[in-house]
Each structure stands twice: as C-alpha cells, then as structure tokens.
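This report walks through one protein chain, moving from a single residue to the packing of helices and then to the confidence of the model. Please keep the sequence and the structure in view while reading.

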Amino acid sequence: MSVHRPVVQPIAFAAAMPEVTLSAEAETVIARWNPDGLRQLQRATAASPGNHAVAVVNSDASRSGDLSDELVALAPDLHVADSPVDAEVVVLVLDAAAPLGGATLRTVEQLASSGTRVIFALDRIDAFRDWRAVRERNVELLARHAGTFADAPIWPVSVRLARLARTDTSRTDVMMVSSGLVELHGALAAELAKQPERAARLAGAA
C-alpha cells in the first residue's frame with residue numbers, strides 16, 4: 001500500500017551578505033564580555049551555516065526536541081541549530097494548555113531585543129478544545145509585552161498527530177493536514193527566504 005506524503009517545497013535561501021571583519025582588539029573585548037553578542041554580530045555581517053538555520057525553543061523543556069524532530073522528518077534539508085544565537089529564525093513553541101507565562105515572556109523579550117526573527121507555534125491543539133482562546137490570549141500578551149511581535153501569527157500545530165502520520169499509514173494524509181505542520185513549514189520557509197536589511201540586522205546585533 002503506497003503512502004502519500006504532502007508535497008513540501010525546498011527552502012530557498014537568499015544570497016549571502018558580504019563579510020565584514022572586526023578588528024582583533026574589538027573581537028577580543030566582545031568575546032570576553034558578551035560571547036553570544038559576538039556570535040550575533042558575526043552572523044549579522046557574514047554568511048555562515050547559522051544564517052540558514054532554525055532553532056526550536058519549547059516553553060516546556062521536557063518536549064524541547066519534539067517539534068524539531070517532526071519538522072526535519074517533513075523537510076530533511078532543514079538545518080536545526082542548537083541555540084537561538086546560531087539561528088536565523090527561532091520557532092517558539094507555546095502550549096495549548098494555558099497562555100504563556102512569565103518565563104516565556106522573558107524569552108520573547110530577549111529575542112525581540114536581539115533582533116531575532118521568531119515564528120510562534122501553539123502545540124497540542126488536539127488535546128485542548130479551548131486552544132483558540134489560549135491563542136487569542138497569547139496574542140494579547142505578545143502585543144502588551146513584546147510589541148515587535150504584536151502582529152505575529154501563532155500557528156496551531158499538533159506534534160502528536162504529525163508523529164502518528166508517519167506511523168499510521170491508514171490515515172496519513174488526514175492526520176498530517178490536521179497537524180498543521182505543513183502550514184508551519186511553509187511559514188518557516190517563507191521567513192528563511194527573506195533577506196533582512198543589513199542595517200536592521202546590525203542594529204539588532206549591536
């Protein structure tokens with residue numbers, strides 16, 4: 001019995017930016033006092049593997065790798081970074097059980113202040129009927145605490161359904177569509193294909 005998987009278009013990357021070299025003295029100072037900042041600045045001024053990478057950050061640390069595993073299963077060419085510092089785009093996974101809390105809001109604020117581009121996903125929509133109300137509350141919280149992301153969509157997803165779609169061949173297409181992973185991947189591909197203005201990228205890193 002053949003299994004039909006959704007067609008996923010490959011991610012097209014933008015052209016690399018020209019390299020800008022820091023002086024040895026400046027690099028030494030930044031490396032000592034703010035190593036993450038140095039990596040962000042390097043990423044803002046030169047092409048590197050991290051420029052085309054995605055980092056997945058889950059508000060529930062116990063499920064930190066679940067969504068990244070399913071995204072890679074859907075699009076094997078996707079490069080997943082270990083840290084948001086090394087990623088061009090961060091996928092921040094929220095929980096449909098309840099609106100985001102203070103710790104997640106602090107993470108959002110840090111990402112906003114660094115100029116990092118963020119895509120929001122709301123996981124476990126299959127388990128919680130009130131996920132739409134939770135999503136609306138999250139939209140309000142983001143607008144209040146992180147204006148940069150005031151208009152950012154929050155993509156509803158179910159990692160569980162995506163995983164089942166890979167194992168239950170009788171309902172593969174139905175479950176993959178219901179999981180929302182294809183739509184999330186499309187949004188991620190579109191974001192990665194963008195080339196942010198160099199000045200804005202450098203300002204965020206600075």
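Leaving aside its neighbours within four places in sequence, with which residues is Val57 in contact? In this predicted model, the contacts of Val57 outside that window of four places are Pro84, Val90, Val91, Leu92 and Val93. Val57 itself belongs to strand β1, which covers residues 54-58. Its relative accessible area is 21%, and because buried residues must fall under 20%, Val57 is classed as partly exposed. Between the C-alpha atoms of Val57 and Phe120, which lie 63 residues apart along the chain, the separation is 9.8 Å.

**The chain as a whole**

The protein chain contains 9 helices and 4 strands, and these follow one another along the sequence in the pattern α-α-β-α-β-α-β-α-β-α-α-α-α. Of its 206 residues, 41% are buried. When contacts between residues at least 6 apart in sequence are considered, 80% of them join residues at least 24 apart.

**Two helices in contact, and one with a buried side**

Helix α3 (residues 66-74) packs against helix α8 (residues 181-193) with the axes 11 Å apart and at an angle of about 85°, and the two helices are therefore roughly perpendicular to each other. On the α3 side the contact is made by Leu67, Glu70, Leu71 and Leu74, while α8 contributes Leu181, Val182, Leu184, His185 and Leu188. By character, the residues of this contact comprise 7 nonpolar, 1 polar and 1 charged.

In helix α6, which spans residues 159-167, the buried residues are Val159, Leu161, Ala162 and Ala165. These residues lie on the same side of α6, because the arc they cover around the axis is only 165°.

**Confidence**

Across the protein chain the mean pLDDT is 77, and 69% of the residues reach 70 or more. The lowest and highest elements are set out below.

| Element | Residues | Mean pLDDT |
|---|---|---|
| Helix α9 (lowest) | 198-205 | 53 |
| Strand β4 (highest) | 154-156 | 96 |

Two stretches call for a separate remark. Over residues 7-20 the pLDDT is below 50, and this stretch has 30 contacts in the model beyond near neighbours in sequence. Over residues 46-50 the pLDDT is likewise below 50, and here the model has 12 contacts beyond near neighbours in sequence.

Technical notes. Residues numbered from 1 in each chain as written. Predicted model: local features only at pLDDT ≥ 70, side-chain atom pairs only at ≥ 80, totals over all residues. Heavy atoms only, no water. Buried < 20%, exposed > 50% of the residue type's maximum accessible area, 1.4 Å probe, protein only. Arc of directions from axis to C-beta. pLDDT = per-residue confidence, 0-100. Contact = heavy atoms within 4.5 Å. Axes fitted to C-alpha atoms, helices over the stretch in contact; angles between N-to-C directions. Parallel < 35°, antiparallel > 145°, perpendicular 65-115°, else oblique. Nonpolar A, V, L, I, M, F, W, Y, C, P; charged D, E, K, R; others polar.
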